[in-house]
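Dear colleague,

I am handing over the structure we discussed, and below it you will find my notes on what turned up in it. Please read them with the model open beside you.

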Amino acid sequence: MDNYAIAENFSLLAKLMDIHGENSFKTKTYAIAAFNIEKLPAQLSDTPRDKIIGIKGIGESVGKKIMEMLDTGDLLILKEYLSSTPPGVVEMLNIKGIGPKKIHTVWKEMEIESIGELLYACNENRLTLFKGFGEKTQKNVQEAIEFYMQNQGSHLFSSVYEVFPGINAYLEKLFSKNIVHITGAYRRQAITIDELEFVVLDTNDNIKPKFQTAFPPELIEDNKDSLLYKLKNGLKLRLYTGKGNMAERLFSTTGSKEFTDAFQKAFPTLKYDDKKITGRSTNEEKDAIVFAQVKLPYILPCLRESSSIIDKAKKNALPELEKPGDIKGIIHSHSNWSDGAYKLEEMADECIKRGLEYLVISDHSKSAFYANGLSEERIGEQQKQIAELNSKLKPFKIFKSIECDILNDGSLDYSNNVLTSFDLVIASIHSNLKMPEDKAMLRLIKAIENPYTIILGHMTGRLLLSRNGYPINHQTIIDACAANHVVIELNAHPRRLDIDWKWIDYALEKEVLISIDPDAHSLEGFDDVKYGAMAAQKGGLTKENNLSSFSLKEFEGWLGKTRKLKGI
Ligand SMILES: [Zn+2]
Ligand SMILES: [Zn+2]
């Protein structure tokens with residue numbers, strides 16, 4: 001072990017001890033040791049053992065640990081600290097602008113255990129509620145995390161969506177529009193993206209030099225029929241190359257493996273004929289030809305996931321998918337009454353500006369103290385303000401709602417007297433997320449059976465690429481929602497997209513309504529409904545089955561009927 005490795009171990013030990021909130025005198029000793037050891041002129045491994053203790057900055061305790069490392073190659077106390085710290089908390093040390101002491105607060109007081117959760121908390125303005133975290137710190141942390149995450153392997157669909165037009169335009173310019181086409185997971189609107197995939201109908205030898213001079217990305221793989229590059233922003237770019245047939249290349253690289261295998265099996269004599277493809281063909285037409293050849297209606301790329309969609313196409317039963325523009329109201333949003341950034345009136349004005357017909361304002365409930373949740377008294381004040389705004393903003397309407405915490409035992413956060421004052425209640429779990437399936441199911445089912453619950457919010461609590469949701473039995477939850485006339489939210493925040501689209505099909509089969517909700521904490525947050533709609537399309541959602549696509553009149557009618565059914 002060289003001095004550098006020994007110093008690194010001490011430095012990490014000092015940081016971990018700070019993260020655990022240990023006595024700072026002790027942690028400083030190790031930090032100073034690390035600093036001094038790195039600058040020593042001679043290797044400690046070459047220094048006589050009896051001379052080690054007494055070197056500047058090396059006392060007895062540090063000296064003994066150095067010998068332990070030299071003898072065993074390990075430092076037991078460091079291993080113990082590492083094993084008692086969640087890996088996501090250790091990973092936070094990579095984020096600039098947040099040191100071990102702040103990480104201590106993040107972990108122990110905010111109960112955040114991963115970088116993705118921390119980013120989400122920044123989006124919800126949650127850091128500023130804690131000592132030592134101003135708005136500026138929050139912003140710095142947010143930017144540093146975004147930068148860090150860009151350089152990890154997987155990306156949210158939303159972050160690729162933002163850079164896609166630029167990359168697409170660039171490739172089209174570089175190689176000509178006719179031979180370039182987006183494909184793969186992004187074309188299927190997958191909720192997370194590992195590689196941005198394109199078909200480029202040219203040989204590797206022609207492509208590589210053009211690419212290299214244009215914007216020199218790092219070439220990671222050079223295969224017979226594909227190239228893999230890593231762009232400066234950390235995103236991996238896969239090019240399916242080779243001279244060939246666009247219809248075939250596009251079709252075979254767009255669908256999931258399950259889908260394409262099933263398709264080949266169903267139509268073994270399929271020939272790809274791209275004679276009819278011209279430079280003017282739209283993107284869709286370029287592989288629509290494949291479907292026409294087997295006399296099947298066109299299956300949109302977003303639906304090419306499972307084999308079952310082929311049977312639906314055969315029966316001519318493909319759904320007419322929900323579109324972002326079908327959304328008529330904002331359901332689930334937070335104002336500055338709790339942890340949102342804008343006033344109620346500002347949020348309503350923004351809805352009106354966007355041509356929306358209603359806003360369901362659902363601030364946090366009283367147990368969510370970290371989010372400035374509403375006390376019974378403040379609920380009364382907010383509802384008074386809503387009534388005033390409603391008479392002013394007519395025909396636009398604000399609905400009185402609450403995102404009510406589902407408590408540990410599954411009960412809701414207010415008495416029935418209070419719950420009855422809302423037009424509708426969205427019930428969500430925000431606390432004690434680490435629980436086994438039986439506990440999660442008990443909480444959720446009890447909340448679903450509560451007659452005041454109209455919508456079940458982000459049902460698994462997952463944060464994509466950051467935190468798995470608590471384990472649940474989706475089928476049982478959906479069945480319970482069907483039995484109790486509860487709507488299931490599709491939380492449209494690109495990091496949530498929860499309920500997962502894979503379960504929408506089953507929910508529709510059980511005649512459960514889905515609601516695409518932005519869970520907005522700012523005006524810009526309304527934009528997220530498009531990510532919700534795109535995920536919902538994958539699950540085959542139609543506008544008739546999406547609550548937030550109901551017009552104001554339909555929504556009011558439905559709400560009255562549902563409340564009656566539930567006896568509230
Ligand atoms: Zn929530
Ligand atoms: Zn919310």
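Before the metal sites, one convention is needed: four donors count as tetrahedral if all angles lie between 85 and 135 degrees, and as square planar if opposite donors are over 155 degrees apart and all others between 65 and 115, while anything else is irregular. Please also keep in mind throughout that this is a predicted model.

**The two zinc ions**

The zinc ion (ligand 2) is coordinated by His 332 and His 334, each through NE2, together with Glu 403 (OE) and Asp 519 (OD), at 2.1 to 2.2 Å. Because the angles that these 4 donor atoms subtend run from 82 to 172 degrees, the arrangement around the zinc ion (ligand 2) is irregular. Along the chain, the donors of this ion follow the spacing H-x1-H-x68-E-x115-D. His 332 is buried, with a relative accessible area of 0%, and His 334 also counts as buried, at 0% relative accessibility.

The zinc ion (ligand 1) has as its protein donors Glu 403 (OE), His 430 (NE2) and His 458 (NE2), which lie 2.1 to 2.2 Å from the ion, and the spacing of these donors in the sequence is E-x26-H-x27-H. Which residue bridges the zinc ion (ligand 1) and the zinc ion (ligand 2)? The bridge is Glu 403, and the two ions lie 3.3 Å apart. Glu 403 lies in strand E10 (residues 397-405), whereas His 430 lies in the loop between strand E11 (424-428) and helix H20 (437-449), so the pair ties together parts that are 27 residues apart in sequence. Both Glu 403 and His 430 are buried.

**Pockets**

The largest pocket holds about 1200 Å³ of space. It is lined by 44 residues, of which Leu 119, Asn 123, Glu 146, Leu 156 and Arg 495 are the closest to its centre. Among the elements that give two or more residues to this lining are helix H8 (115-123), helix H9 (135-150) and helix H10 (157-175). By class, the lining of the largest pocket comprises 15 nonpolar, 19 polar and 10 charged residues.

In the second largest pocket there is about 940 Å³ of space. Of its 38 lining residues, the closest to the centre are Glu 111, Glu 117, His 430, Leu 433 and Arg 467, so you will meet one of the donors of the zinc ion (ligand 1), His 430, again here. H8 gives the most to this lining, with 3 residues, and the lining as a whole has 15 nonpolar, 12 polar and 11 charged residues.

**One cavity**

The structure holds 1 cavity of 30 Å³ or more, and about 60 Å³ of space lies in it. Its lining includes Phe 157, Ile 191, Leu 497, Tyr 531 and Met 534, and the largest share, 3 residues, comes from H23. This lining has 8 nonpolar and 2 polar residues, with no charged ones.

**Helix H14**

In helix H14 (residues 257-266), the buried residues are Phe 259, Thr 260, Ala 262 and Phe 263. Seen down the axis of H14, these residues fall within an arc of 165 degrees, so they line one face of the helix. The face turned away from that buried side carries the exposed residues Lys 257 and Lys 265.

With best regards

Notes
Residues numbered from 1 in each chain as written. Chains lettered and ligands numbered in written order. Predicted model: local features only at pLDDT ≥ 70, side-chain atom pairs only at ≥ 80, totals over all residues. Heavy atoms only, no water. Donors = N, O, S within 2.8 Å, 3.2 Å for Na, K, Ca; no water. Tetrahedral: all angles 85-135°; square planar, octahedral: opposite > 155°, others 65-115°. Buried < 20%, exposed > 50% of the residue type's maximum accessible area, 1.4 Å probe, protein only. 1 Å grid on protein atoms, 1.4 Å probe; cavity = no way out; pocket = protein on both sides within 12 Å on 5 of 7 lines; lining within 4 Å. Points joined across faces, edges and corners; volume = space filled by probe spheres on them. Helix = DSSP H or I, 4+ residues; strand = E, 2+ residues; numbered from the N terminus. Nonpolar A, V, L, I, M, F, W, Y, C, P; charged D, E, K, R; others polar. Arc of directions from axis to C-beta.
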